[in-house]
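Grab a pencil and work through these exercises with the viewer open. Each one sets a task and then walks through a solution.

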Amino acid sequence: MPPAAPRSGEAIFASVERVNAELFTLTYGAIVRQLLTDLEEVDEVNKQLDQMGYNIGIRLIDEFLAKSNVSRCVDFKETAEMIAKVGFKMFLGVTASVMNWDADGTCCSILLEDNPLVDFVELPDTCQGLYYCNILSGVIRGALEMVAMKTEVTWIRDMLRGDDAYELQVKLLKQVPEEYPYKDDE
Amino acid sequence: MIGAGKIKQYANILEKPLGKGKQEVSLSAFAFLFSELVQYNQTQVDNISELETRLEDAGYAVGARVLELLCHREKGNRRETRLLGILSFVHSTVWKVLFGKVADSLEKGTEHEDEYMISEKELLVNKFISIPKDMGTFHCGAFVAGIVRGVLDNAGFPAVVTAHFVPVEGQQRPRTTILIKFAEEVLQREARLG
Amino acid sequence: MAAIYSLYIINKSGGLIFYKDYGSKGRMDTNDSLRVASLWHSMHAISQQLSPTTGCTGIELLEADTFDLHCFQSLTGTKFFVVCEPGTQNMEALLKVVYELYTDYVLKNPFYEMEMPIRCELFDINLTQAIQKDRVALLGR
């Protein structure tokens, strides 16, 4: 059986079950609020959001692979394009673009053209250090780790903090070889 | 041009027009987020009833906001002041917006005057969730119960709201009932209003 | 009618996380199924090394005189394999369906711990339906 052709983010999003984005937005808001109450420190909340995103990423990657029919990406460039064009679209219904590649092709920016997490949101004075959308960076990091790519994902621009866009920097730290050695003692 | 996203920037969020609520995300995105909400809260509690309480609190925060949002958008800044009105608002308007459908049924409790039940064959939040046997009667619908309580409470109808599995004859899976028990003051007020 | 004998899911370290027996012949006890899973994990890895060219993803189909074994490995390293009567059709499609059910009813379940044995009622229910559907060959699109 020939492998099924990869599907576009639009086609997948159109074919999957969807929910009102407001339910998603408000539920995410409730999570952030719980963390602020539980952890008190904004830095701790940033860390926890990233961790929660990571936990989601290591699970969500399989759905991405199952629904998109994507086979192994040739390189990190293709991977980044997949995240932006297929990943963001099929899960959040938004488009993202990849830009600002560095010379050796291991670091780029993903720019969100829309961001359903932040509807209704304004950071109060007490939360100015909060990376409200930090869950997204965790998701990307977790998902890529499951396909053998160690990355570092950080926010470069955040409109809630007064910037003019939502920009994530994704940096490839290490690509674990796919054929890891099978030894008796492992 | 680099960096110019499509999102328009507003100096003040209040200037941003309120969305029409037509935007969607995949059910999967919500399911993964909800699953993580449950997992995080599991790390914060000692027992199942605390877990339910925390999920309910999270839901309450959603409900309070949903009430405001929908009263403004769907009802021209008016809200229901009568018991049956607010119940039908929850069962129809709130359910439709949040879960994409009207709830399967709204019934008055047969044994107690102050109890009402909203039932659903399969609650959206439960779609992918199997409760382990050792968790007894635990129900992730506590989150939805919290949403309902948040709507009711902020509309001036304080109530105790809980989620339960109810076995259905001939069905493999139980349905869910959201049980609403109104505070005494609510019923007294209703009686006065006649 | 072609029969499915059993279905296995093994995690990326070779641990058996799901096993279901559908035939009465050759039913295995827990120890045997764990051992077979771990052996298959190794054989699959060895098969990659046997490949004369790089990029081999391992055995996809093993044909024996009394059974076929179809294996699908996700890019994340989880293996799904089905043991069936020789010549049973549409097993690749079935494994794809099982993979999707796994992403829905296992990975979205907050009470499932990654890499651990799968005990999810909804996964069982939906899997049973998928296998039945397969028996009436609905997957042969």
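Two strands count as paired if DSSP finds at least two bridges between them, and helices (H or I, at least four residues) and strands (E, at least two) are DSSP runs numbered from the N terminus. This is a predicted model, where local features need pLDDT of at least 70, side-chain atom pairs count only at pLDDT 80 or more, and totals for chains, interfaces and linings use all residues. Residues are numbered from 1 along each chain as its sequence is written, while chains are lettered from A and ligands numbered from 1 in the order in which they are written.

**Exercise 1. Find the partners of strand S1 of chain C and work out how many of its residues are buried.**

Step 1: start with strand S5 (residues 79-84) of chain C, which runs antiparallel to S1(C) and is joined to it by six bridges. One pair to click on is Ile9(C) with Phe80(C).

Step 2: now look at strand S2 (residues 16-21) of chain C, also antiparallel to S1(C), with five bridges. Here Ile10(C) sits opposite Leu16(C). Five residues lie between S1(C) and S2(C) in their hairpin, and Gly14(C) has a positive phi near 95° there.

Step 3: check burial. A residue is buried if 20 or more other C-beta atoms lie within 10 Å of its own, exposed if 12 or fewer, and partly exposed in between, with C-beta atoms placed from the backbone. Seven of the seven residues of S1(C) (residues 4-10) are buried, so the strand is largely enclosed by the rest of the structure.

Step 4: for contrast, try helix H5 (residues 184-193) of chain B, where the count of buried residues among 10 is zero. Gly194(B) follows H5(B), with a positive phi near 75°.

**Exercise 2. Describe the contact between chains A and B.**

Step 1: count residues. Chain A puts in 41 and chain B 34, where contact means C-beta atoms, placed from the backbone, within 7 Å.

Step 2: ask who contributes. On the side of chain A that touches chain B, H2(A) gives the largest share, 12 residues.

Step 3: sort that side by class. It has 23 nonpolar, six polar and 12 charged residues; Ala, Val, Leu, Ile, Met, Phe, Trp, Tyr, Cys and Pro count as nonpolar, Asp, Glu, Lys and Arg as charged, and the others, Gly among them, as polar.

Step 4: look for strand pairing across the chains. S1(A) and strand S1 (residues 24-26) of chain B run antiparallel and share three bridges, with Asn20(A) partnered by Glu24(B).

**Exercise 3. Lay out the four-stranded sheet of chain A.**

Step 1: read off the order. This open sheet goes S2-S3-S5-S4, with antiparallel pairing.

Step 2: find the edges. Strands S2 (96-99) and S4 (149-157) of chain A each have a single partner strand, so one side of each is left without a neighbour in the sheet.

Step 3: zoom in on one pair. S4(A) and strand S5 (residues 166-175) of chain A are antiparallel over eight bridges, and Lys150(A) faces Lys174(A) across them.

**Exercise 4. Place Gly9 of chain A and list what it touches.**

Step 1: Gly9(A) belongs to helix H1 (residues 9-15) of chain A.

Step 2: Gly9(A) is buried, with 23 other C-beta atoms within 10 Å.

Step 3: leaving out residues up to four places away in sequence, Gly9(A) touches Lys85(A), Val86(A), Lys89(A) and Met90(A).

Terms used:
Contact = placed C-beta atoms within 7 Å.
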